[in-house]
Amino acid sequence: MPAPPPSETVSGASALARELRHVVNQGAWASALDPVELPCLLALPCVAGPAQESGVTAQAQLVIVLRHLLKPDQPEQNEGANRALALLLGVAATTKGFASVVRRERTREYLYPDDHGHPGMELDTFNRRHVQPLLDLLADELVEYDALYRMRSTYERLAAKLPASPALAVMWLDRFQYYYRMWSDLSGLENDLAVYLRARRDPQVADSRLERRRRTSLWFLARFFLHLDQFMDQRGGLWLLGDEEQAQLVADSTYFLRFHPPVTEQDASWLSFAALERPVPGFHLFNRKLDEDDMGRLILARWQAWLEACKCDVQAPGEDCELHIVLRHCGRYIEIIDVEWNRIVEWFTGPPGESVITPEQVAEMNQRWRLPAEDATVEHQG
Ligand SMILES: [Zn+2]
């Protein structure tokens with residue numbers, strides 16, 4: 001039986017942390033947990049939804065979620081705390097099935113070991129001071145995990161054109177707006193680089209036109225750095241897509257696109273800043289800054305040298321050529337974002353009355369962030 005659409009409101013971390021005390025006292029195995037003691041934990045969409053879909057009890061699903069969060073190979077920063085929590089809750093093999101006092105003692109010993117005969121911390125002190133902060137941390141992780149679950153589950157509903165939470169649908173729209181700003185930049189960069197590689201072999205093309213293309217391509221790169229920074233600052237930089245593997249590929253591509261162009265951290269921030277113009281960002285302003293400033297001239301010279309370093313045969317570009325690596329990652333980014341957006345776009349443009357976003361809004365978004373490659377060049381400006 002399919003789960004209902006995930007709700008927008010969930011319990012706060014403090015309510016979850018309070019209920020986790022019951023899990024510590026009883027141990028994280030389904031038969032020990034009393035549903036009456038865990039109303040908020042069991043109502044979390046990431047617990048209730050999968051439980052309903054797979055026909056297990058919510059307590060059993062809660063244990064599955066806790067195990068997942070506290071797995072030793074999770075790429076989390078809280079590695080020590082997660083290990084301690086696994087011991088404390090009885091998710092770890094060495095404490096599974098043990099009474100609360102044994103689990104607490106082993107956790108205490110893990111975090112505050114006896115030191116050459118000097119006893120570590122008293123168990124009472126540990127219980128009083130250190131258990132609740134660990135549970136608070138776990139509650140925060142649960143809230144975060146649940147938010148991602150609700151986003152992914154909403155994505156699946158949008159893709160299947162099922163009713164979905166409007167608030168979460170709007171959050172997807174918001175994410176794709178960030179993704180498409182970078183899409184436009186990378187599409188402009190890809191187009192400029194391809195045109196540049198063709199044009200430079202043509203003796204008819206004047207150097208002023210090549211110079212123009214070097215500058216517009218650098219402008220698109222600067223815009224990409226700017227929008228990537230904004231995405232990091234304003235949305236935490238987490239690449240969230242319906243498909244986790246595709247999200248990882250996009251994250252890798254943006255990493256390579258940051259890494260392969262010949263720009264240092266300092267250059268990148270100079271470029272981002274130069275591309276950031278209020279109220280209207282314009283190539284001509286960026287272009288002027290390139291000439292006004294030593295840093296700008298230096299970056300442009302380095303960019304030109306980098307472009308010239310590509311000696312590839314256009315038909316069979318080199319695997320290790322930096323410029324072609326950048327071209328490939330622009331292409332991959334654009335393709336994946338399009339596929340992921342196209343899976344859900346119809347939910348937004350569907351029959352009137354069922355869509356929370358009007359077709360006009362989607363069209364406007366497409367216009368603002370998905371310029372065709374020819375229009376995305378800025379030759380008419382400046
Ligand atoms: Zn090349």
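Student: How many of the protein's 382 residues count as buried, in percent?
Tutor: Of the 382 residues, 34% are buried, meaning that 20 or more other C-beta atoms, placed from the backbone, lie within 10 Å of the residue's own. This is a predicted model, where local features need pLDDT of at least 70 and side-chain atom pairs 80 or more, while totals for chains, interfaces and linings use all residues. Residues are numbered from 1 along each chain as its sequence is written.

Student: What makes the count of strands zero?
Tutor: A strand is a DSSP run of E of at least two residues, and a helix a run of H or I of at least four, numbered from the N terminus. The protein has 17 helices and no strands, so no run of E reaches two residues.

Student: Why are Ala222 and Leu271 placed in a nonpolar core?
Tutor: Such a core joins buried Ala, Val, Leu, Ile, Met, Phe, Trp, Tyr and Cys residues through C-beta atoms within 7 Å. The largest one has 52 residues, and Ala222, Phe224, Leu271 and Ile337 touch the most other members. Ala222 and Leu271 belong to this core, so both are buried. Helices H8 (131-159) and H9 (166-199) are among those supplying at least two of its residues.

Student: What makes the 32 residues that include Val23 a second core?
Tutor: This core is separate from the other, and also includes Leu44, Leu62 and Leu87.

Student: How do you know which way H11 and H15 run, given an angle of about 150°?
Tutor: Angles run from 0 to 180 degrees between N-to-C directions, along lines fitted to C-alpha atoms over the stretch in contact. H11 (244-259) and H15 (322-349) pack at about 150°, with axes 9 Å apart, so their directions are roughly opposite.

Terms used
A residue is buried if 20 or more other C-beta atoms lie within 10 Å of its own, exposed if 12 or fewer, and partly exposed in between; C-beta atoms are placed from the backbone.
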